[in-house]
Amino acid sequence: MDERHTPRTAPSSQRPVGWRRSVAALAGLTAVSLLVGFVWLPSVHEDFTAEGLWASICRAAGVPARWYTGGTAPAAAPPGTQVVLAREMARPRDAGSVGRGATLALNCTMCHGAHGMSTSNAPNLAGQYPEVVIKQLLDYKHGHRVNAVMQALAAGLSEQDIRDLAAYYASLPKARTAPTTYDETLPALVRVGAPLRNIAPCISCHGGIDQKFGTPWIEGMPRDYLVAQLRAFRSGERRNDPQGVMRTMARQMTDAEIEEVATFYARKAAPAGVQGH
Ligand code: HEC
Ligand code: HEC
């Protein structure tokens, strides 16, 4: 057999010391960089919540939080509404329901006014559509609309209580009638919206041209309340509007526009030429 065909590679025991050192160095370097990248850096990151080594490794590798926390992702913003609006919610109630609602409403007068007309910055409830009162109270009850006072109160209301309260408030007269004419004096956003920015006219849902089921009556609401709600929709702090309908529009609105439409809806007297119905 020819000498040249003999394998030239020496058995590992005979490999030069320098080669073994470089393998050891590479292994060491790999271990250190894994520790730095997957454990140390994630652990000093400001949202590190000390869930242990495994969690830091998973987080660094981009694994979704619920995979390593056993299904409970860290509490984020509250989810949107889970209330399914049903025509049944608007069904007229018997006098008994209205009467029970009136009694329960004694706990609400402090903020919402003696006859559902607020004198503070709480929303008016007089004449509000029953499905709106039901939906909003259920959203507070289940944490889908955030307000400390209302969440605490709604938590103590049964579904029957909520239906009775809604029946009572629906039986009271509304703050004012809606503008129905296509009146030039209405703010543009109220009357025609801003089609290029996907803002539909307010009166196509909130009463005027049309009143869409589940859309609150906002005529005559306190101005500061309207501003606060529109800002909360814009920032996503309030997110219980179905399909994000209000969030999408509010995101496109400037501060000045929010002030303008809020001032309009809160106005004390109907503008000249606007007929109610
Ligand atoms: C301490 C004051 C206070 C009391 C008492 C109170 N509310 Fe409220 N309520 C508020 C405020 C403030 C808001 C607006 C909160 C927000 O920004 O989400 C509100 C919101 C609401 C809404 C949502 C209205 C809308 O147009 O979206 C409903 C419905 C409601 N309250 C019903 C009730 C009922 C029913 C009671 C009595 C059982 C009650 N509230 C008692 C202060 C109060
Ligand atoms: C496509 C229909 C639609 C249009 C257009 C619309 N809204 Fe709304 N709006 C809604 C619905 C639905 C809700 C109730 C969301 C929920 O369930 O919490 C709402 C809620 C609101 C609220 C909160 C009221 C309360 O008491 O909770 C305000 C304020 C409001 N809209 C203002 C406006 C203004 C101002 C415009 C015009 C720039 C407008 N909306 C246009 C559908 C609409």
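**Figure 1. Helices around ligand 2 in the predicted model.** Helices α6, α10 and α11 (245–250) each supply at least two residues of the shell around ligand 2. The model is predicted. Helix α10 gives the most, with four residues. In total, 26 residues surround ligand 2. K135, C202, C205, H206 and M246 come nearest. By class, the shell around ligand 2 has 16 nonpolar, six polar and four charged residues. Domain 2 (87–170) and domain 3 (188–266) each contribute at least three residues to this shell.

**Figure 2. Polar contacts to ligand 2.** Three side chains are shown here, those of K135, R238 and N240. A polar side-chain atom of K135 sits 2.7 Å from an oxygen atom of ligand 2. For R238, an N or O atom of the side chain is 2.7 Å from an oxygen atom of ligand 2. For N240, the distance from a side-chain N or O atom to an oxygen atom of ligand 2 is 3.3 Å.

**Figure 3. Close-up of K135.** K135 belongs to helix α6. Is K135 buried or exposed? K135 has a relative accessible area of 2%. The cut-off for buried is under 20%, so K135 counts as buried. The side chain of K135 also reaches the backbone oxygen of N240, at 2.8 Å. K135 is thus shown with two partners: an oxygen atom of ligand 2 and the backbone oxygen of N240. N240 itself places a side-chain N or O atom 3.3 Å from an oxygen atom of ligand 2.

**Figure 4. The shell around ligand 1.** Ligand 1 is surrounded by 19 residues. The closest are C108, C111, H112, Y140 and M150. The shell around ligand 1 divides into 13 nonpolar residues, five polar and one charged. At least three residues come from domain 2 (87–170), and at least three from domain 3 (188–266).

**Figure 5. Polar contacts to ligand 1.** Which side chain has a polar atom 2.7 Å from an oxygen atom of ligand 1? That residue is Y140. A polar side-chain atom of Y225 lies 3.1 Å from an oxygen atom of ligand 1. Q229 has a side-chain N or O atom 2.9 Å from an oxygen atom of ligand 1. Four elements give two or more residues to the shell around ligand 1: α5 (109–112), α6 (130–141), α7 (148–155) and α10 (223–235).

**Figure 6. The largest cavity.** The structure holds one cavity of 30 Å³ or more. The largest cavity has a volume of about 40 Å³. Which residues line the largest cavity? They are N124, A126, Q128, A175, W217, I218, E219 and M221. By class, five lining residues are nonpolar, two are polar and one is charged. Where does the largest cavity lie? Domain 2 (87–170) and domain 3 (188–266) both give residues to its lining, so the largest cavity lies between them.

**Figure 7. The second largest pocket.** This pocket holds about 210 Å³ of space. Its lining has 13 residues. M117, N124, G220, A266 and K268 lie nearest the centre of the pocket. The lining comprises five nonpolar, four polar and four charged residues. The second largest pocket lies between domain 2 (87–170) and domain 3 (188–266), because both give residues to its lining. N124 appears in this lining and also in that of the largest cavity.

**Figure 8. Close-up of R176.** R176 sits in the loop between α8 (159–170) and α9 (188–191). R176 has a relative accessible area of 15%. The cut-off for buried is under 20%, so R176 counts as buried. A polar atom of the R176 side chain lies 3.3 Å from the backbone oxygen of Y265.

**Figure 9. The overall fold behind the close-ups.** How many helices and strands does the protein have? It has twelve helices and zero strands. Along the sequence, the pattern reads α-α-α-α-α-α-α-α-α-α-α-α. The protein has 277 residues, of which 36% count as buried. K135 and R176 are among the buried residues.

Methods:
Residues numbered from 1 in each chain as written. Chains lettered and ligands numbered in written order. Predicted model: local features only at pLDDT ≥ 70, side-chain atom pairs only at ≥ 80, totals over all residues. Heavy atoms only, no water. Near = heavy atom within 4 Å. Polar contact = N/O pair within 3.5 Å; in protein donor to acceptor, adjacent residues only side chain to side chain. Nonpolar A, V, L, I, M, F, W, Y, C, P; charged D, E, K, R; others polar. Domains from an automatic or database assignment. 1 Å grid on protein atoms, 1.4 Å probe; cavity = no way out; pocket = protein on both sides within 12 Å on 5 of 7 lines; lining within 4 Å. Points joined across faces, edges and corners; volume = space filled by probe spheres on them. Buried < 20%, exposed > 50% of the residue type's maximum accessible area, 1.4 Å probe, protein only.
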